[in-house]
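Welcome to a short tour, best taken with your viewer open and a selection box at hand. Each stop tells you what to pick and what you will find there.

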Amino acid sequence: MKKMTLKAKQSIDALKRFIEEKRYAKLYNRVQRVLIGMRFTDGLLYKIIIYALLISLAYIYLYPMLYMITNSFMTMSDIISVNVRWVPSSLNWENYRLVWTALNYPRALLDAFILAAAPALSATVSSAIIGYGFARFRLPFKKVLMGLMIMSFIIPPQITMLPMFRMYANYELLGSIRAFVYPAILGQGLNGAIYILIFYSFFRMLPKSLEESAELDGAGRIKVFTSIALPLAMPAVIIVFLFSFVWYYNETYLAGLFLSGSDMLTLPLRLEQYINNFTSLYPEGSRARELMQAVKLAGNVLTLLPLLIIYFFTQRHFVESIDRTGITGE
Amino acid sequence: MTNRNRERLAGLGFIFIWIVGYLIFTLYPIFYSLYLSLFKVQMDGADLLLTYEGINNYRATFLSDPYFVEILIQYVLETIINVPVTIVFALIIAILINQNIRGKGLWRTIFFLPVIITSGPVIAELMNQGITTLPSIQQYDVIGLILDNVGAVIANPVQALFDQILLVLWFAGIQILILLAGLQKIDRSTYEAAMIDGAGPWIAFWKITLPSILSLITVCIIYTVVSMSVFTTNEVIIYIRNVMMGESTPAITTGYGYSAALSWVYFITMSVIIVLFVVMVNIRKGVKS
């Protein structure tokens with residue numbers, strides 16, 4: 001009897017252990033499923049990693065912006081104080097007022113917009129025409145021509161800059177907006193090759209049938225382009241215009257060269273000039289220079305603000321740009 | 001006129017403005033600067049006085065210019081380190097926002113911000129204020145650790161990378177756009193098939209994702225090298241402009257001729273870097289196939 005009970009007890013114990021193990025296994029499975037998911041990419045652990053990475057990378061991208069904005073509101077005592085790092089003790093608009101009047105902001109902004117919009121518009125129109133030409137027609141030496149175009153993107157502006165400078169000086173284009181508009185009209189200029197390639201790949205994606213049937217109805221090539229291809233290419237038009245507007249707005253290297261000494265200046269250049277003038281008034285390490293840090297940042301915010309506003313209204317186009325234009329096609 | 005010729009003519013009509021523009025604003029300046037780089041150029045009012053120098057300008061860039069070679073080497077090392085970092089981060093970010101995440105629009109808005117904040121003075125200002133480095137990197141003295149363990153030749157560019165890590169990441173705007181578009185084009189069913197065959201996400205990345213976007217990575221590399229090389233705060237181009245405007249005085253000669261020679265040396269250096277990167281990325285493909 002005793003033996004029997006012992007055996008039974010043993011087997012019951014074994015059974016218990018077995019059940020216990022099963023339960024743990026089940027639990028383990030469930031934990032695994034929640035954390036890692038059936039195929040990893042739907043588990044909780046995975047989600048945590050993704051969001052942690054996203055948040056830390058977003059922090060890297062936003063950090064300078066936040067720094068710029070908070071510090072631009074600081075008073076001199078805030079900048080010097082060790083207690084104030086992120087949040088200024090009060091919203092101090094004085095820095096903005098200073099830059100606003102010194103730059104004559106509304107007027108400077110208008111200039112900057114004209115300086116960016118005129119070349120951007122010219123570049124959009126010309127690259128649409130040129131891109132269509134490359135995309136739709138059998139051309140002699142097409143590959144060579146496109147190779148040359150890509151080369152023009154790689155060549156640094158330092159090479160072409162000095163002959164252009166001479167050329168502009170000869171034709172009295174220096175200090176005039178035409179120094180940027182003329183190359184843009186002819187499909188050259190700042191990043192010209194990129195705009196043409198965007199239109200090129202977009203037109204290649206469009207089905208030919210519509211244009212062919214219009215041609216059968218007797219429409220000429222130009223008519224087909226303006227009334228059928230171009231309206232269909234509206235996404236590409238918007239994108240090219242936005243990109244070129246932003247790039248021309250921010251351009252300072254060539255603008256500094258071609259526009260120096262004229263009244264028309266881009267906003268970043270004007271700010272730079274103002275800061276240089278201001279800092280030269282005060283000796284190194286003086287209090288006024290310390291204050292200048294905040295004023296400079298306020299100026300930078302004012303320079304970027306118009307672009308940021310444009311970006312928030314049009315960011316859908318930036319974001320969808322590459323999908324819709326099929327830049328990735330080639 | 002045959003149909004074929006008529007089409008060619010129409011096509012030429014469309015690209016006519018480009019050909020004209022290319023001749024005036026690209027080809028002519030290229031040859032003119034190549035020509036000038038062989039001369040000592042002096043300004044005489046509005047005219048140029050040319051004295052033939054042969055390759056003396058080029059010799060001077062390497063032999064008697066006290067600054068140029070130094071900043072050029074610095075540029076090469078920095079580019080070689082920064083470009084892969086930019087591409088890897090762009091790829092990571094593109095893969096992250098291509099996942100099934102909440103608030104896609106918000107994340108995209110944040111990560112495409114660099115596309116619009118590319119203005120030279122603003123970036124220069126951020127660099128001055130030391131915002132382009134992350135505080136924690138300085139706090140833990142990562143750089144000191146690296147400096148102790150490797151020679152200065154490697155340590156200096158690495159330090160430069162950490163000093164400007166934010167700046168380097170900010171160059172990734174357009175690249176993220178391009179890579180993201182490429183990722184979205186990959187067929188989901190390819191991944192599903194791979195999963196059924198037992199491939200995890202890690203293997204799927206190397207066997208499916210990377211090969212499909214390799215050509216786009218090449219595009220991104222070219223774009224990154226070019227945009228970094230012509231960016232306003234790049235020291236080499238600042239130096240070239242100063243030489244051209246006669247603001248700095250290198251040993252032998254100033255002015256147009258010498259700065260043209262500098263630009264050509266710079267361009268060739270840049271092209272070599274691009275070719276090296278492109279070959280390196282595509283070697284893998286060659287081995288595989």
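Is Glu7(B) buried or exposed, judged by its relative accessibility? Select that residue and you have the start of the tour: Glu7(B) counts as buried, at 17% relative accessibility. Keep in mind throughout that this is a predicted model.

**Stop 1: a bridge between chains**

With Glu7(B) still selected, add Arg138(A) and look at the two side chains, which meet in a salt bridge at 3.5 Å, N to O. Glu7(B) belongs to helix H1 (residues 3-36) of chain B, while Arg138(A) sits in the loop between H5 and H6 of chain A, so this pair joins two chains. Unlike its buried partner, Arg138(A) is partly exposed, at 47% relative accessibility.

**Stop 2: a bridge across the sequence of chain A**

Now pick Glu211(A) and Arg136(A), another salt bridge, with N to O at 2.9 Å. Glu211(A) is part of helix H10 (residues 209-216) and Arg136(A) of helix H5, so the contact ties together parts of chain A that lie 75 residues apart in sequence. Both of these residues are buried.

**Stop 3: a bridge within one helix**

Stay on helix H5 of chain A and select Arg107(A) with Asp111(A). Their side chains form a salt bridge too, at 3.3 Å from N to O. The two residues are four apart in the helix, which puts about one helical turn between them. Asp111(A) is buried, with a relative accessible area of 4%, whereas Arg107(A) is partly exposed at 47%. Add Arg270(A) to the selection and you will have a network of salt bridges linking these three residues. Over all chains, the structure holds six salt bridges.

**Stop 4: the nonpolar core**

Which residues touch the most other members of the largest nonpolar core? They are Phe134(A), Phe111(B) and Ile176(B), in a core of 188 residues. Centre the view on Phe134(A) and show its contacts: leaving out residues up to four places away in sequence, they include Leu139(A), Leu145(A), Met146(A), Met149(A) and Ile196(A). Lys142(A) and Tyr200(A) are also among the residues touched, and from the other chain come Ile15(B) and Trp18(B). As a general background, nonpolar side chains tend to be buried together in soluble globular proteins.

**Stop 5: two residues with positive phi**

Colour the backbone by phi if your viewer allows. Most residues other than glycine have a negative phi. Phe141(A) has a positive phi of about 55°, although it is not a glycine, and you can find this residue in the loop between helix H5 (105-136) and helix H6 (142-154) of chain A. Asn191(A) likewise has a positive phi of about 55° without being a glycine; look for it in the loop between helix H8 (178-185) and helix H9 (192-205) of chain A. How do their surroundings compare? Phe141(A) is exposed, with a relative accessible area of 68%, while Asn191(A) is buried, at 18%.

**Stop 6: a surface patch**

Switch to a surface view and select Leu15(A), Phe18(A) and Ile19(A), which make a nonpolar surface patch of about 310 Å². Phe18(A) lies in helix H1 (residues 2-35) of chain A and is partly exposed, with a relative accessible area of 48%.

**Stop 7: two helices of chain B**

Move to helix H2 (residues 56-63) of chain B and highlight its buried residues: Asn57(B), Tyr58(B), Ala60(B) and Thr61(B). Turn the view until you look down the axis of H2(B); these buried residues fall within an arc of 160°, so they line one face of the helix.

Next, go to Leu210(B) in helix H13 (residues 201-229) of chain B. This leucine counts as buried, at 12% relative accessibility. Setting aside neighbours within four places in sequence, Leu210(B) is in contact with Leu91(B), Phe205(B) and Ile217(B). For a distance to try in the viewer, take the C-alpha atoms of Leu210(B) and Leu183(B): they are 9.3 Å apart, with their positions 27 residues apart along the chain.

**Last stop: chain A as a whole**

Zoom out and show chain A as a cartoon: there are 15 helices and zero strands. Of its 330 residues, 48% count as buried. The chain exposes about 17,300 Å², of which carbon and sulfur atoms supply 65%. Among contacts in chain A with a separation of 6 or more, 70% come from residues 24 or more positions apart.

Definitions and conventions:
Residues are numbered from 1 along each chain as its sequence is written. Chains are lettered from A and ligands numbered from 1 in the order in which they are written. This is a predicted model: local features need pLDDT of at least 70, side-chain atom pairs count only at pLDDT 80 or more; totals for chains, interfaces and linings use all residues. Side-chain values use heavy atoms; hydrogens and water are left out. Buried means under 20% relative accessible area, exposed over 50%, partly exposed in between (1.4 Å probe, protein chains only). The arc is that of the directions from the helix axis to the C-beta atoms. Patches are made of residues with over 30% relative accessible area and no salt bridge: like charges are joined within 9 Å, nonpolar side chains (Val, Leu, Ile, Met, Phe, Trp, Tyr) within 5 Å. Accessible areas come from the Shrake-Rupley method with a 1.4 Å probe; for residues, only the protein chains shown count as cover. A salt bridge is a side-chain nitrogen of Lys or Arg within 4 Å of a carboxyl oxygen of Asp or Glu. A nonpolar core is a set of buried Ala, Val, Leu, Ile, Met, Phe, Trp, Tyr and Cys residues joined through side-chain atoms within 4.5 Å. Contact means heavy atoms within 4.5 Å.
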